[in-house]
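User: Please take a close look at the one small part of this model that you think repays it, and put it in the context of the rest of the chain. A single connected account is fine.

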Amino acid sequence: MKQYFLKSFFSILFLVYWTGAFSQESIKSIYEGIEFDMPMVQETSFPAFEKNIIEFGAIGDGLTKNSQAFKAAIEEVNSKGGGKVTVPRGIWMTGPITLLSNVNLHLEDGALIIFSKDKDDYPLVETSFEGLNTVRCLSPINAFQVENIAITGKGTIDGSGEAWRFVKKSKMTDTQWKSLLKTGGVLDEKGQIWFPSQASLDGYNASSSFNVPDTKDRAELEKMKDFLRPVMVSIRESKRVLLDGPTFQNSPAWNIHPLMSEDVIIRNLNIRNPWYSQNGDGLDLESCKNVLIYNNTFDVGDDAICFKSGKDKDGRDRGVPTENVIVKNNIVYHGHGGFTVGSEMSGGVRNVHVSECTFIGTDVGLRFKSTRGRGGIVENIWISNIHMIDIPAEAIRFNLFYSGNSPILEDDQSAEDEARNEDLIPVTEETPSFRNISMKNIYASGSGISAFFMGLPEMKLQNVKLENAVLDAKQGITMIDAEGLELINVKVSGTNEFPLTIYNSQQVKVSNFSFEENGKAAVRILGNSKDIELDKEDFKDPNKISRGNGVSQDAVKIK
């Protein structure tokens, strides 16, 4: 018996050691193949101390408000030096939860936290939203200037977003729209947007910059409080943060928003929002440093994985980039963009690795966006091993004229309707710059557009490389105002249009470019394009090159 006990003891000891070692090795593998130097992310750790919210009077019937029980449990664990606050199986309705240092909020399997729909539970606070310094309602889960915090487990967190969000008729079926109208609320003048209350509509009418009201007057903001819907999880100016395991769903605005924080790990999450949810982003990482994002699933109403760093002057004054981030092994279903940078990137984004991700039916796959007035530099981005299917718009999209138009007109468009200002304007701190971006092993089938690269006339999209790509789409690749763009071993299939269009671009290199014959030239070159280098093996037939008016013969070199 003694020998059996010792054998079992050492077996368990070995298993514990092996599990810990495997966990450490597993997270180390996330750093493999990274193209830039970054420190390993500092991980959370917690004492064995544990408290259950039931000990503080919580009742999991879905009807009782448990705000005080959550508050007391978190404060107790924090005061004892840290540990775990356990949320057991049940439906736990509550007001906002404020996380404190050294606390792990742990949701057991079957636990559902659902946030109160009572707006009085959410006071107005100063914060940042959509990159601007502003006032919003307190977030359902919030943390400010804390260290060593976590949300873990297999439970679900529901933000009761339907009580906050306005809804556009165009995003719903007739049956859904009629059902929504029966719940009450009010419509805008055109009858095209539903609001949960008159105060919400008043806030919408008072906002010229998307969702941030123009007024700074606190009394006026209180009157339109219903419109000032919060992000569901707001973690600001904090260090050592772990989100691991739960489902986060139905957020009032963005779902998860780490802001100006360091050493953040986001893994094994299921992040969900209705596809019609306004501003229903999955993850908005803003002005954060040293971050791991892996093994997550997204199905949301706006951009899924989105990197930001502030908007316009507020973002430039903050001057904090998003940097040193690894994104691996994530799946995105519905979303406006699978992986997105911008458009609020005025503080810059740099040193980012994205790989082993799958996008299934996202509106756009890889999405980069900015506009004049933003400023900021996006650079040193490496993207590889991305698989996409049924992307209705662009598999790859760079648009520095975000909200502007393209000069390449379609058959049903007119120059008057689609005109954009192509005049050169001075380069200043308000000029955004995207440069040094590599994409490799990119596969997309069933897309609307293969790829779209558009910089600014005064600030080209610089040094972007697309290598080893198979892009099946109705339309080919377009590049506008690009410099130093390379296409290497790229195949375009499925299009009846030009496989490649180059406009106002310089120092472009295209090699081993393949395409399906469709009766048109393989490449058309327009505008002030020059220093275009094409592979002679791809373009033996001179009829495969179409030059627009003003494009000289020596603008294109066949090598």
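Analyst:
**Cysteines, a small sheet and its surroundings**

C288 is buried, and its relative accessible area is 0%. The model is a predicted one. A search of the whole structure turns up zero disulfides. C288 is accordingly in no disulfide, and the nearest cysteine sulfur, that of C306, lies 12 Å away. C357 is in no disulfide either, and here the nearest cysteine sulfur is again that of C306, at 14 Å. A disulfide requires two cysteine sulfur atoms within 2.5 Å, so a distance of 12 Å for C288 or 14 Å for C357 does not qualify. C357 has a relative accessibility of 1% and therefore counts as buried.

The part to look at closely is an open sheet of three strands. Its order is β13-β15-β14, with antiparallel pairing. The edges are β13, residues 167-168, and β14, residues 186-187, each of which pairs on one side only. β13 is joined to β15, residues 193-195, by two bridges in the antiparallel sense. Within that pairing, K168 stands opposite I193 of β15.

Two helices pack on this sheet. Helix α3, residues 174-181, touches β13, β14 and β15, and its direction makes about 30 degrees with that of β15. Helix α4, residues 198-205, touches β14 and β15, and its direction makes about 125 degrees with that of β15. β15 is thus a contact of α3 and also of α4, while β13 is listed among the strands touched by α3.

Elsewhere in the chain there is parallel pairing. Strands β29 (residues 349-360) and β31 (residues 377-389) run parallel and are joined by 10 bridges. I360 stands opposite I389 in β31. β31 also pairs in the parallel sense with β33, residues 433-454, over 11 bridges. In that pairing, M439 of β33 is the bridge partner of I383. Parallel and antiparallel are the two ways in which strands of a sheet pair through backbone hydrogen bonds.

One further residue deserves a note. D61 is found in strand β2, residues 61-65. D61 counts as partly exposed because its relative accessibility is 39%; partly exposed covers the range between the 20% and 50% cut-offs. In sequence D61 and I91 are 30 residues apart, but their C-alpha atoms are 5.6 Å apart in space.

As for the whole, the protein has seven helices and 42 strands. Its radius of gyration is 26 Å, close to the 24 Å that the globule rule gives for 559 residues, so the protein is as compact as a globular protein of that length. The C-alpha trace spans about 80 × 75 × 45 Å along its principal axes. Of the 559 residues, 55% count as buried, C288 being one of the buried residues. Among contacts with a separation of 6 or more, 69% are between residues 24 or more positions apart. The exposed surface comes to about 23600 Å², of which carbon and sulfur atoms supply 48%.

Methods. Residues are numbered from 1 along each chain as its sequence is written. This is a predicted model: local features need pLDDT of at least 70, side-chain atom pairs count only at pLDDT 80 or more; totals for chains, interfaces and linings use all residues. Side-chain values use heavy atoms; hydrogens and water are left out. Two strands pair if DSSP finds at least two bridges between them. Helices (H or I, at least four residues) and strands (E, at least two) are DSSP runs, numbered from the N terminus. Contact means heavy atoms within 4.5 Å. Axes are lines fitted to C-alpha atoms, for helices over the stretch in contact, and angles run from 0 to 180 degrees between N-to-C directions. Buried means under 20% relative accessible area, exposed over 50%, partly exposed in between (1.4 Å probe, protein chains only). The radius of gyration is taken over C-alpha atoms; the globule rule is 2.2 Å times the number of residues to the power 0.38. Accessible areas come from the Shrake-Rupley method with a 1.4 Å probe; for residues, only the protein chains shown count as cover.
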